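Please open the model in your viewer and keep the selection panel at hand for the stops that follow.

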Amino acid sequence: MEKRVVITGMGIWSCLGKTLEEVRDSLYQGKSGIVFSQERKDAGFRSALCASVERPELKPFIPRNLRQFMPEEAQYAYMATRSALENAGIGQDYLDSHEVGIIYGNDSVAESTMRALDSFREFKDTSACGSGAIFQSMNSTVTMNLACLFKLRGISLTASAACASGSHAVGLAYLLIRNGLQDCVICGGAQEANMYSVAAFDGIQSFSTREDEPAKASRPFDRDRDGLVPGGGAATLIVESYEHAVKRGAPILAEIVSWGFSSNGDHISTPNVEGPARSLELCLKNGGVSPNQIGYINAHATSTRIGDTREAQAIARIFGDCQVPVTSTKSQTGHEMWMAGASELIYSILMMKNDFIAGSINFEHPDEDSARINIVPETRQAHFDIFLSNSFGFGGTNSTIIVKNL
(Lines give C-alpha, C1' and ligand atoms only; values in the text may rest on other atoms or scores of the structure.)
Protein backbone atom coordinates (compact mmCIF):
# COMPACT_ATOMS: atom_id res chain seq x y z
CA MET A 1 0.00 0.00 0.00
CA GLU A 2 1.33 3.44 -0.94
CA LYS A 3 2.12 5.66 2.02
CA ARG A 4 1.12 9.27 2.54
CA VAL A 5 4.08 11.66 2.46
CA VAL A 6 4.24 14.72 4.70
CA ILE A 7 6.54 17.68 5.33
CA THR A 8 7.50 18.06 8.98
CA GLY A 9 10.31 20.62 8.91
CA MET A 10 11.64 23.50 6.82
CA GLY A 11 14.80 25.58 6.89
CA ILE A 12 16.14 28.22 4.55
CA TRP A 13 19.09 30.52 3.85
CA SER A 14 17.84 33.09 1.39
CA CYS A 15 18.16 36.69 0.25
CA LEU A 16 14.74 37.14 1.88
CA GLY A 17 15.93 35.96 5.28
CA LYS A 18 17.63 33.23 7.28
CA THR A 19 14.64 32.16 9.35
CA LEU A 20 11.14 31.13 8.33
CA GLU A 21 9.74 34.18 10.14
CA GLU A 22 12.04 36.59 8.29
CA VAL A 23 11.21 35.01 4.95
CA ARG A 24 7.46 35.02 5.66
CA ASP A 25 7.56 38.73 6.46
CA SER A 26 9.66 39.55 3.37
CA LEU A 27 7.20 37.68 1.16
CA TYR A 28 4.24 39.46 2.70
CA GLN A 29 5.87 42.89 2.41
CA GLY A 30 6.95 42.37 -1.19
CA LYS A 31 10.58 42.92 -0.23
CA SER A 32 13.21 42.46 -2.94
CA GLY A 33 16.55 40.77 -2.25
CA ILE A 34 18.16 42.14 -5.44
CA VAL A 35 21.12 44.53 -5.33
CA PHE A 36 23.73 46.14 -7.59
CA SER A 37 27.16 44.52 -7.20
CA GLN A 38 30.09 46.83 -7.91
CA GLU A 39 32.38 43.79 -7.70
CA ARG A 40 30.64 42.23 -10.70
CA LYS A 41 30.68 45.44 -12.70
CA ASP A 42 34.41 45.91 -12.02
CA ALA A 43 35.03 42.28 -13.03
CA GLY A 44 33.49 42.82 -16.47
CA PHE A 45 29.90 41.68 -16.05
CA ARG A 46 27.40 43.08 -18.50
CA SER A 47 24.87 43.04 -15.64
CA ALA A 48 25.93 43.71 -12.06
CA LEU A 49 22.57 42.69 -10.60
CA CYS A 50 22.30 39.76 -8.17
CA ALA A 51 20.56 38.63 -5.01
CA SER A 52 22.28 39.58 -1.76
CA VAL A 53 23.02 36.34 0.11
CA GLU A 54 24.98 36.50 3.37
CA ARG A 55 27.74 33.95 3.91
CA PRO A 56 27.19 31.95 7.10
CA GLU A 57 29.66 31.75 9.97
CA LEU A 58 30.24 28.04 10.57
CA LYS A 59 32.98 28.21 13.21
CA PRO A 60 30.58 27.74 16.14
CA PHE A 61 29.22 24.54 14.59
CA ILE A 62 31.89 22.78 12.52
CA PRO A 63 35.63 22.29 13.21
CA ARG A 64 38.13 23.69 10.71
CA ASN A 65 39.28 20.28 9.48
CA LEU A 66 35.71 19.56 8.28
CA ARG A 67 34.94 23.07 6.98
CA GLN A 68 37.72 22.66 4.41
CA PHE A 69 35.51 20.17 2.53
CA MET A 70 32.60 22.60 2.20
CA PRO A 71 32.14 24.97 -0.74
CA GLU A 72 29.79 27.93 -0.52
CA GLU A 73 26.55 26.12 -1.32
CA ALA A 74 27.28 23.33 1.18
CA GLN A 75 27.63 26.01 3.84
CA TYR A 76 24.21 27.43 2.99
CA ALA A 77 22.74 23.93 2.93
CA TYR A 78 24.20 23.09 6.33
CA MET A 79 22.56 26.11 7.94
CA ALA A 80 19.24 25.47 6.22
CA THR A 81 19.33 21.82 7.29
CA ARG A 82 20.16 22.66 10.92
CA SER A 83 17.07 24.86 10.97
CA ALA A 84 14.87 22.28 9.22
CA LEU A 85 15.83 19.50 11.61
CA GLU A 86 15.14 21.75 14.60
CA ASN A 87 11.81 22.75 13.03
CA ALA A 88 10.93 19.06 12.66
CA GLY A 89 11.94 18.21 16.22
CA ILE A 90 14.78 15.94 15.11
CA GLY A 91 18.01 15.92 17.12
CA GLN A 92 21.30 14.13 16.64
CA ASP A 93 20.23 11.29 18.95
CA TYR A 94 17.37 10.56 16.58
CA LEU A 95 19.61 10.68 13.50
CA ASP A 96 22.06 8.32 15.20
CA SER A 97 19.40 5.70 15.88
CA HIS A 98 17.30 5.87 12.69
CA GLU A 99 17.86 5.45 8.97
CA VAL A 100 17.44 9.01 7.68
CA GLY A 101 18.39 9.76 4.08
CA ILE A 102 19.34 12.87 2.11
CA ILE A 103 18.57 13.89 -1.48
CA TYR A 104 19.73 17.37 -2.43
CA GLY A 105 19.67 19.34 -5.66
CA ASN A 106 22.93 20.85 -6.90
CA ASP A 107 24.32 21.35 -10.40
CA SER A 108 27.57 23.32 -10.16
CA VAL A 109 30.55 24.09 -7.93
CA ALA A 110 32.21 26.73 -10.07
CA GLU A 111 34.22 28.86 -7.64
CA SER A 112 35.82 26.03 -5.66
CA THR A 113 36.82 24.20 -8.83
CA MET A 114 38.22 27.37 -10.39
CA ARG A 115 40.29 28.36 -7.36
CA ALA A 116 41.82 24.90 -6.97
CA LEU A 117 42.80 24.68 -10.62
CA ASP A 118 44.10 28.26 -10.65
CA SER A 119 46.45 27.32 -7.80
CA PHE A 120 47.58 24.23 -9.67
CA ARG A 121 48.35 26.23 -12.81
CA GLU A 122 50.07 29.04 -10.89
CA PHE A 123 52.41 26.78 -8.94
CA LYS A 124 52.58 23.91 -11.46
CA ASP A 125 51.99 21.55 -8.56
CA THR A 126 48.85 19.48 -8.04
CA SER A 127 49.27 19.59 -4.26
CA ALA A 128 48.56 23.33 -4.48
CA CYS A 129 44.89 22.44 -5.08
CA GLY A 130 44.58 21.68 -1.37
CA SER A 131 43.37 18.58 0.41
CA GLY A 132 39.74 19.69 0.43
CA ALA A 133 39.52 20.55 -3.27
CA ILE A 134 38.23 17.23 -4.55
CA PHE A 135 35.36 17.21 -2.05
CA GLN A 136 34.49 20.85 -2.70
CA SER A 137 34.46 20.50 -6.48
CA MET A 138 32.17 17.47 -6.89
CA ASN A 139 28.51 18.02 -7.74
CA SER A 140 27.62 15.70 -4.86
CA THR A 141 29.46 17.94 -2.39
CA VAL A 142 26.29 19.00 -0.56
CA THR A 143 24.99 15.49 0.08
CA MET A 144 28.40 14.06 0.97
CA ASN A 145 29.13 16.86 3.42
CA LEU A 146 25.71 16.84 5.08
CA ALA A 147 25.54 13.04 5.23
CA CYS A 148 28.86 13.01 7.11
CA LEU A 149 28.20 16.03 9.33
CA PHE A 150 24.78 14.79 10.45
CA LYS A 151 25.89 11.12 10.47
CA LEU A 152 23.06 10.02 8.16
CA ARG A 153 22.64 6.34 7.35
CA GLY A 154 19.88 6.35 4.71
CA ILE A 155 20.10 7.14 1.01
CA SER A 156 22.61 9.82 -0.03
CA LEU A 157 21.95 11.13 -3.52
CA THR A 158 22.39 14.34 -5.52
CA ALA A 159 19.75 15.46 -8.01
CA SER A 160 21.55 17.30 -10.80
CA ALA A 161 18.87 18.64 -13.12
CA ALA A 162 19.62 22.31 -13.82
CA CYS A 163 16.99 24.68 -12.42
CA ALA A 164 14.65 21.80 -11.59
CA SER A 165 17.22 20.15 -9.29
CA GLY A 166 15.63 21.16 -5.98
CA SER A 167 12.16 20.12 -7.12
CA HIS A 168 13.37 16.77 -8.46
CA ALA A 169 15.15 16.14 -5.13
CA VAL A 170 11.87 16.58 -3.25
CA GLY A 171 10.04 14.47 -5.83
CA LEU A 172 12.52 11.61 -5.49
CA ALA A 173 12.25 11.73 -1.70
CA TYR A 174 8.47 11.61 -2.08
CA LEU A 175 8.68 8.50 -4.27
CA LEU A 176 11.02 6.64 -1.90
CA ILE A 177 8.81 7.32 1.10
CA ARG A 178 5.54 6.63 -0.71
CA ASN A 179 6.86 3.23 -1.72
CA GLY A 180 8.15 2.36 1.76
CA LEU A 181 11.88 2.44 0.96
CA GLN A 182 12.62 5.23 3.48
CA ASP A 183 10.72 6.64 6.44
CA CYS A 184 12.43 10.03 6.55
CA VAL A 185 14.49 11.98 4.01
CA ILE A 186 16.21 15.37 4.22
CA CYS A 187 15.80 17.03 0.82
CA GLY A 188 16.24 20.40 -0.83
CA GLY A 189 18.40 22.45 -3.13
CA ALA A 190 21.45 24.71 -2.96
CA GLN A 191 22.96 27.33 -5.26
CA GLU A 192 26.31 29.10 -4.96
CA ALA A 193 25.87 32.89 -5.09
CA ASN A 194 29.36 33.92 -6.22
CA MET A 195 29.86 35.70 -9.53
CA TYR A 196 31.96 32.94 -11.12
CA SER A 197 29.07 30.48 -11.11
CA VAL A 198 27.01 32.73 -13.40
CA ALA A 199 29.63 34.47 -15.55
CA ALA A 200 28.72 32.33 -18.57
CA PHE A 201 25.04 33.23 -18.13
CA ASP A 202 25.99 36.89 -18.23
CA GLY A 203 28.08 36.17 -21.31
CA ILE A 204 25.05 34.97 -23.27
CA GLN A 205 23.05 38.03 -22.17
CA SER A 206 20.59 36.15 -19.95
CA PHE A 207 20.51 38.81 -17.23
CA SER A 208 18.46 41.96 -16.79
CA THR A 209 20.43 45.18 -17.24
CA ARG A 210 17.99 47.38 -15.32
CA GLU A 211 20.88 48.39 -13.06
CA ASP A 212 19.45 51.76 -12.04
CA GLU A 213 16.51 50.02 -10.30
CA PRO A 214 17.73 46.68 -8.86
CA ALA A 215 14.51 45.95 -6.99
CA LYS A 216 12.53 46.32 -10.23
CA ALA A 217 14.82 44.24 -12.43
CA SER A 218 13.24 40.81 -11.94
CA ARG A 219 9.88 41.08 -13.72
CA PRO A 220 8.36 37.64 -14.36
CA PHE A 221 5.52 37.70 -16.93
CA ASP A 222 5.77 41.48 -17.36
CA ARG A 223 5.73 42.83 -20.90
CA ASP A 224 8.91 44.84 -20.27
CA ARG A 225 11.06 42.07 -18.76
CA ASP A 226 14.61 41.98 -20.09
CA GLY A 227 16.19 38.97 -18.40
CA LEU A 228 16.60 37.17 -15.10
CA VAL A 229 18.60 38.10 -12.00
CA PRO A 230 20.83 35.41 -10.42
CA GLY A 231 20.30 34.39 -6.79
CA GLY A 232 21.39 31.65 -4.44
CA GLY A 233 21.33 30.08 -0.99
CA ALA A 234 19.77 26.83 0.19
CA ALA A 235 16.43 25.38 1.25
CA THR A 236 15.79 22.15 3.16
CA LEU A 237 12.58 20.20 3.77
CA ILE A 238 12.18 17.22 6.10
CA VAL A 239 9.92 14.68 4.40
CA GLU A 240 8.45 11.64 6.17
CA SER A 241 5.72 9.04 5.86
CA TYR A 242 2.58 10.14 7.65
CA GLU A 243 2.70 7.10 9.95
CA HIS A 244 6.33 7.76 10.85
CA ALA A 245 5.64 11.41 11.60
CA VAL A 246 2.62 10.61 13.80
CA LYS A 247 4.53 7.91 15.66
CA ARG A 248 7.29 10.28 16.70
CA GLY A 249 4.88 13.15 17.42
CA ALA A 250 6.24 15.36 14.66
CA PRO A 251 4.72 18.74 13.75
CA ILE A 252 3.07 18.02 10.37
CA LEU A 253 3.09 21.11 8.16
CA ALA A 254 1.73 19.85 4.85
CA GLU A 255 1.31 16.79 2.64
CA ILE A 256 2.93 16.15 -0.74
CA VAL A 257 0.05 15.07 -2.96
CA SER A 258 1.77 14.41 -6.25
CA TRP A 259 4.84 14.77 -8.44
CA GLY A 260 4.78 15.17 -12.20
CA PHE A 261 7.77 15.35 -14.51
CA SER A 262 8.70 15.39 -18.18
CA SER A 263 11.38 16.32 -20.68
CA ASN A 264 10.88 18.62 -23.64
CA GLY A 265 12.97 16.46 -25.96
CA ASP A 266 13.77 19.61 -27.89
CA HIS A 267 16.26 22.50 -27.77
CA ILE A 268 18.82 22.50 -24.95
CA SER A 269 17.99 26.03 -23.76
CA THR A 270 14.80 27.19 -25.52
CA PRO A 271 11.70 25.74 -23.81
CA ASN A 272 8.58 24.59 -25.60
CA VAL A 273 4.98 24.41 -24.39
CA GLU A 274 4.40 20.67 -24.67
CA GLY A 275 6.97 19.60 -22.05
CA PRO A 276 5.84 21.92 -19.23
CA ALA A 277 2.18 21.26 -20.05
CA ARG A 278 2.78 17.51 -19.79
CA SER A 279 4.49 17.93 -16.40
CA LEU A 280 1.49 19.90 -15.15
CA GLU A 281 -1.00 17.45 -16.59
CA LEU A 282 0.76 14.38 -15.18
CA CYS A 283 1.08 15.93 -11.72
CA LEU A 284 -2.66 16.63 -11.61
CA LYS A 285 -3.44 13.16 -12.96
CA ASN A 286 -1.04 11.34 -10.60
CA GLY A 287 -2.57 13.08 -7.60
CA GLY A 288 -6.18 12.73 -8.70
CA VAL A 289 -6.49 16.51 -8.52
CA SER A 290 -8.61 18.63 -10.84
CA PRO A 291 -7.44 22.08 -11.99
CA ASN A 292 -10.22 23.83 -10.08
CA GLN A 293 -8.96 22.36 -6.79
CA ILE A 294 -5.63 24.23 -7.04
CA GLY A 295 -5.73 27.43 -4.98
CA TYR A 296 -2.38 28.88 -6.04
CA ILE A 297 0.36 28.28 -8.61
CA ASN A 298 3.97 29.20 -7.82
CA ALA A 299 5.29 29.60 -11.35
CA HIS A 300 8.81 28.86 -12.47
CA ALA A 301 8.80 32.14 -14.45
CA THR A 302 12.32 33.56 -14.32
CA SER A 303 11.76 36.90 -16.11
CA THR A 304 13.08 35.76 -19.49
CA ARG A 305 11.18 36.53 -22.66
CA ILE A 306 10.67 33.03 -24.03
CA GLY A 307 10.57 31.06 -20.75
CA ASP A 308 7.75 33.09 -19.21
CA THR A 309 5.81 33.00 -22.48
CA ARG A 310 5.98 29.21 -22.76
CA GLU A 311 4.97 28.69 -19.12
CA ALA A 312 2.02 31.09 -19.41
CA GLN A 313 0.88 29.18 -22.47
CA ALA A 314 1.24 25.83 -20.66
CA ILE A 315 -0.70 27.03 -17.60
CA ALA A 316 -3.44 28.47 -19.82
CA ARG A 317 -3.66 25.20 -21.75
CA ILE A 318 -4.05 23.00 -18.65
CA PHE A 319 -6.08 25.32 -16.41
CA GLY A 320 -8.30 26.91 -19.05
CA ASP A 321 -10.88 29.21 -17.48
CA CYS A 322 -10.11 28.24 -13.85
CA GLN A 323 -8.30 31.55 -13.26
CA VAL A 324 -6.20 30.13 -10.42
CA PRO A 325 -3.95 32.83 -8.83
CA VAL A 326 -0.39 32.72 -10.21
CA THR A 327 2.77 34.45 -8.99
CA SER A 328 6.51 34.03 -9.34
CA THR A 329 8.47 34.59 -6.13
CA LYS A 330 11.51 35.07 -8.38
CA SER A 331 10.27 38.64 -8.70
CA GLN A 332 11.61 39.08 -5.15
CA THR A 333 14.49 36.60 -4.99
CA GLY A 334 15.78 36.50 -8.53
CA HIS A 335 16.40 33.04 -9.95
CA GLU A 336 17.76 30.79 -7.19
CA MET A 337 18.54 28.16 -9.83
CA TRP A 338 19.43 24.74 -8.37
CA MET A 339 17.82 25.84 -5.08
CA ALA A 340 14.63 27.27 -6.57
CA GLY A 341 12.48 24.13 -6.71
CA ALA A 342 12.94 23.60 -2.97
CA SER A 343 12.85 27.22 -1.78
CA GLU A 344 9.68 27.94 -3.74
CA LEU A 345 7.93 25.06 -1.98
CA ILE A 346 8.87 26.68 1.32
CA TYR A 347 7.73 30.13 0.14
CA SER A 348 4.39 28.65 -0.96
CA ILE A 349 3.89 26.70 2.28
CA LEU A 350 4.57 29.86 4.30
CA MET A 351 1.89 31.64 2.29
CA MET A 352 -0.56 28.75 2.68
CA LYS A 353 -0.04 28.54 6.46
CA ASN A 354 -0.42 32.31 6.86
CA ASP A 355 -3.36 32.96 4.52
CA PHE A 356 -1.78 35.19 1.91
CA ILE A 357 -0.41 35.14 -1.63
CA ALA A 358 2.81 37.11 -2.14
CA GLY A 359 2.32 39.29 -5.19
CA SER A 360 4.44 38.98 -8.31
CA ILE A 361 6.11 42.34 -7.76
CA ASN A 362 7.03 44.38 -10.85
CA PHE A 363 4.20 42.82 -12.87
CA GLU A 364 2.80 46.01 -14.29
CA HIS A 365 1.90 45.29 -17.91
CA PRO A 366 0.79 41.85 -19.18
CA ASP A 367 1.77 40.70 -22.63
CA GLU A 368 -0.42 38.67 -24.95
CA ASP A 369 0.34 35.39 -23.16
CA SER A 370 0.54 36.47 -19.52
CA ALA A 371 -2.84 38.18 -19.95
CA ARG A 372 -4.36 34.70 -20.36
CA ILE A 373 -3.60 33.68 -16.76
CA ASN A 374 -4.50 35.24 -13.39
CA ILE A 375 -1.24 36.84 -12.24
CA VAL A 376 -1.48 38.51 -8.82
CA PRO A 377 0.69 41.69 -8.76
CA GLU A 378 0.42 42.61 -5.07
CA THR A 379 0.17 40.73 -1.79
CA ARG A 380 -3.35 39.47 -1.25
CA GLN A 381 -5.01 38.01 1.83
CA ALA A 382 -6.20 34.62 0.64
CA HIS A 383 -6.92 31.20 2.10
CA PHE A 384 -5.94 28.17 0.04
CA ASP A 385 -5.38 24.56 1.02
CA ILE A 386 -3.63 23.18 -2.06
CA PHE A 387 -1.00 24.62 -4.39
CA LEU A 388 1.15 23.64 -7.35
CA SER A 389 4.80 24.56 -7.90
CA ASN A 390 6.60 24.44 -11.25
CA SER A 391 10.34 24.08 -11.87
CA PHE A 392 11.88 23.86 -15.34
CA GLY A 393 15.52 23.66 -16.40
CA PHE A 394 18.06 23.64 -19.22
CA GLY A 395 17.93 20.48 -21.27
CA GLY A 396 14.15 20.63 -21.09
CA THR A 397 13.75 19.02 -17.68
CA ASN A 398 10.42 19.76 -15.98
CA SER A 399 9.15 19.07 -12.45
CA THR A 400 5.79 19.90 -10.88
CA ILE A 401 4.78 19.24 -7.27
CA ILE A 402 1.37 19.57 -5.61
CA VAL A 403 1.19 20.17 -1.84
CA LYS A 404 -1.84 20.45 0.43
CA ASN A 405 -2.40 21.90 3.88
CA LEU A 406 -2.78 19.73 6.98
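Which residue in the turn of the hairpin formed by β14 and β15 has a positive phi? Select Gly395, whose phi is about 85°, in the turn where 3 residues lie between β14 and β15. Before going further, note that this is a predicted model, in which local features need pLDDT of at least 70 and side-chain atom pairs count only at pLDDT 80 or more, while totals for chains, interfaces and linings use all residues. Residues are numbered from 1 along each chain as its sequence is written, and side-chain values use heavy atoms, with hydrogens and water left out.

Next, select β14 (residues 386-393) and β15 (residues 397-405), which pair in the antiparallel sense over 8 bridges; helices (H or I, at least four residues) and strands (E, at least two) are DSSP runs numbered from the N terminus, and two strands pair if DSSP finds at least two bridges between them. Within this pairing, Asn390 has Thr400 of β15 as its bridge partner. Adding β9 (residues 296-298) to the selection shows a parallel arrangement with β14, joined by 3 bridges, in which Ile297 stands opposite Leu388.

Colouring β14 by accessibility is the next step. Because 8 of its 8 residues are buried, strand β14 is largely enclosed by the rest of the structure; buried means under 20% relative accessible area, exposed over 50%, and partly exposed in between, with a 1.4 Å probe and protein chains only. Ile386, Leu388, Asn390 and Phe392 point one way from the strand, and Phe387, Ser389, Ser391 and Gly393 the other way.

From β15, move to Val403, whose contacts (heavy atoms within 4.5 Å) include Ile256, Leu345, Ile386 and Phe387. Val403 is also one of the residues touching the most other members of the largest nonpolar core, which has 81 residues; such a core is a set of buried Ala, Val, Leu, Ile, Met, Phe, Trp, Tyr and Cys residues joined through side-chain atoms within 4.5 Å. Helix α4 (residues 72-88) gives the most to this core, with 9 residues. Apart from it lies another core of 26 residues, among them Ala277, Leu280, Ala299 and Ile375.

Finally, select Val109, in the loop between β4 (100-105) and α6 (110-123). Val109 is buried, with a relative accessible area of 6%, and its contacts beyond four places in sequence include Pro71, Glu73 and Met138. Met138 itself, in the loop between α7 (133-137) and α8 (141-149), is partly exposed at 33% relative accessible area.
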